[in-house]
Amino acid sequence: MILLALLLGWMALLNKAAALNIAQKAAYIKEEEERQQAERQEEQQAETQDKEQTRQQEERQAGTQEECQAKQQEERQAETPEEQQAGQENTQQEKAGLETEKSGSEQVGQPQTAGQEAEKEDAKEGSSPTVKTWDRKANPDIRVLLMDTDYQTFYHPSVTVSYGGNTVTYTPESPEFDNGPVTIPAQEDGIEISSIRRQDGAPVYQGSMEIRRQDGALLLINRLPLETYLEAVVPSEMPSSYEMEALKAQAVCARTYAWKQMEEGRLQEYGADVDDSVNYQVYGNISPQDSTTRAVRETEGEVICQNGELIEAYYFSTSAGATSTDEIWGAEEAASYLKSVSCTFDAEEPWGKWSVEIPWSSVEQRAQSHEAGGALKGLEAIKKNQSGAVISLRVVMEEASFEVSEEYAIREFLSPKDCTITGQNGMEVQGGQLLPSAYFTINCIPGETVCIEGGGYGHGVGMSQTAADQMAKEGYTYGEILDYFFKDIEILKAR
């Protein structure tokens with residue numbers, strides 16, 4: 001009995017030990033599984049975070065491009081006089097796309113095709129234009145006509161100004177105008193115009209402000225030194241993060257364009273030289289930036305001339321692989337200083353390629369406004385210029401056909417307003433008043449949609465801003481950049 005009891009006790013101990021061992025093993029297995037699961041979760045989280053950081057970085061890059069071009073209004077370039085009637089393009093490409101922070105740009109040292117190498121050799125062939133003295137007084141005053149909040153008119157029903165601790169509201173009936181215009185001298189802290197709004201709120205201007213009564217409303221004219229004006233224009237037209245040589249090229253273009261308008265006097269009836277919109281150059285409520293101010297000051301007084309005469313120093317955001325001349329606007333012969341050049345420096349930019357689908361009904365409604373009867377049957381690009389821009393579009397209607405000619409009119413007719421435009425890096429922006437460029441192919445699905453695939457942003461004439469930035473990264477000077485995009489030019493400096 002004793003032995004049996006001992007045997008039973010021993011067996012019980014073995015069972016208990018076995019059970020304990022099994023429990024410990026199960027606990028170990030469970031712990032190991034939990035550890036491995038935790039490691040997998042950490043790896044997944046890390047991977048997710050890396051993807052999220054990459055996505056956010058790409059969004060910031062593309063978003064900055066949209067945001068910056070919003071700072072400048074839709075086309076980060078001075079559009080032609082013919083573009084004054086259609087208003088502002090939705091921005092951003094200031095820069096929603098426009099003012100672009102570089103995204104997917106060519107990198108220095110990146111392998112290049114033979115064509116790209118040849119292009120760059122061509123750009124390097126001509127030496128940087130020599131800066132010579134120009135027989136003009138340096139830093140003249142420029143008169144800027146300020147438009148209303150929506151950039152629709154020069155005329156203001158009332159004007160509220162704040163300066164030196166005082167705030168005054170003027171109307172056309174104010175007795176101050178009985179003796180002529182009201183002039184507010186330049187103030188150390190600037191003059192705030194709270195009756196109009198700009199991107200950063202109520203704008204503050206340097207220089208003096210003239211308020212004139214005209215045609216039953218008020219005109220606002222900001223008078224200030226040209227170089228001070230440029231310190232506000234350059235960051236409005238080109239991202240301040242761009243390379244210094246690109247910013248210098250932009251400063252010289254902007255100065256040349258402004259001085260040319262001053263000489264031509266197209267706004268003389270309003271007592272001004274330019275307005276503050278993309279009709280001329282964007283003079284927005286953007287504080288001067290260190291980099292752009294430096295670019296302006298280091299090129300002070302410098303302008304682009306041919307045979308001693310100022311050129312029209314056109315510029316735009318991004319090319320579609322080649323630049324155009326003013327023939328795109330109907331000129332019988334290109335201006336002697338403009339040339340069409342191959343341009344792949346900006347090929348990887350988000351706006352290098354893009355696509356958009358426009359509802360058939362939207363295009364049909366525009367077509368019917370041309371007094372062409374019946375339903376829309378089709379669209380056809382029937383003529384392109386040497387650089388590939390569409391300069392004649394045939395619109396086929398049920399009862400008759402008609403043609404839309406010239407770059408700007410075509411871009412306006414095919415307006416992508418309220419449509420989503422997709423860039424080649426996946427960037428998506430809301431379309432504005434104008435198609436991004438006239439470099440496109442068109443595919444119609446009658447009754448449904450007009451599918452457009454294109455490239456570039458802006459009119460394509462003169463200097464590509466994004467290409468200039470890439471060229472600067474590759475070691476080109478601002479003179480070499482300008483010499484590449486313009487023909488037979490020289491840089492002159494006012495005395």
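**Loop residues, nonpolar cores and helix packing**

D418 is exposed, with a relative accessible area of 59%, where exposed denotes over 50%, buried under 20% and partly exposed the range in between, computed with a 1.4 Å probe on protein chains only. The structure is a predicted model, in which local features need pLDDT of at least 70 and side-chain atom pairs count only at pLDDT 80 or more, whereas totals for chains, interfaces and linings use all residues. Residues are numbered from 1 along each chain as its sequence is written, and side-chain values use heavy atoms, with hydrogens and water left out.

D418 is placed in the loop between α7 (407-413) and β18 (420-423); here helices (H or I, at least four residues) and strands (E, at least two) are DSSP runs numbered from the N terminus. The phi angle of D418 is near 70 degrees, a positive value in a residue other than glycine. A positive phi, near 55 degrees, is also found at N139, again a residue other than glycine. N139 belongs to the loop between β1 (131-134) and β2 (141-145), and with a relative accessibility of 29% N139 counts as partly exposed.

The interior was examined through its nonpolar cores, each a set of buried Ala, Val, Leu, Ile, Met, Phe, Trp, Tyr and Cys residues joined through side-chain atoms within 4.5 Å. The largest of these cores has 89 residues, of which I211, Y229, M463, L482, F485 and F486 touch the most other members. Helix α4 (residues 244-264) supplies the largest share of this core, namely twelve residues. A second core, separate from the largest, has 29 residues and includes W351, V356, W360 and L414. For I211, the contacts (heavy atoms within 4.5 Å) that remain once neighbours within four places in sequence are set aside are with V159, V161, Y170, F177, P181, V182, I184, L218, L219 and L220.

W360 also appears in helix α6 (residues 360-368), where W360, V363, E364 and A367 are buried. These four residues cover an arc of only 100 degrees around the axis, the arc being that of the directions from the helix axis to the C-beta atoms, which puts them on the same side of α6.

Helix packing was described by axes, which are lines fitted to C-alpha atoms, for helices over the stretch in contact, and by angles that run from 0 to 180 degrees between N-to-C directions. Helix α3 (residues 226-237) packs with α4 at an angle of about 125 degrees, and the two axes are 10 Å apart. That angle makes α3 oblique to α4, since angles under 35 degrees count as roughly parallel, over 145 as roughly antiparallel, 65 to 115 as roughly perpendicular and the rest as oblique. The crossing of α3 with α4 is right-handed, meaning that the near helix is turned clockwise from the far one by less than a right angle, an anticlockwise turn being left-handed. On the α3 side the contact is made by L226, E227, Y229, L230, V233, V234 and E237, and on the α4 side by L247, Q250, A251, A254, R255, A258, W259 and M262.

With helix α5 (residues 290-298), α3 packs at an angle of about 135 degrees, the axes being 9 Å apart, and α3 and α5 are therefore oblique to each other. This crossing, too, is right-handed, with E227, L230, E231, V234 and P235 of α3 meeting T292, T293, V296 and R297 of α5. V234, a residue of helix α3, counts as buried at 0% relative accessibility. Not counting residues up to four places away in sequence, V234 touches L247, Q250, A251, T292 and V296. The C-alpha atoms of V234 and L247, which are 13 residues apart along the chain, are separated by 7.6 Å.

Between α4 and helix α8 (residues 465-473) the packing angle is about 140 degrees and the axes are 7 Å apart, so that α4 and α8 are oblique to each other. α4 passes α8 in a right-handed crossing, and the contact is formed by E245, A246 and Q250 of α4 together with Q465, A468, D469 and A472 of α8.

Finally, S319 is situated in the loop between β13 (315-316) and β14 (354-359) and, at 3% relative accessibility, counts as buried. With neighbours within four places in sequence left aside, S319 is in contact with C343, D346, G352, G456 and S464. S319 and C343 are 24 residues apart along the chain, and their C-alpha atoms are separated by 6.8 Å.
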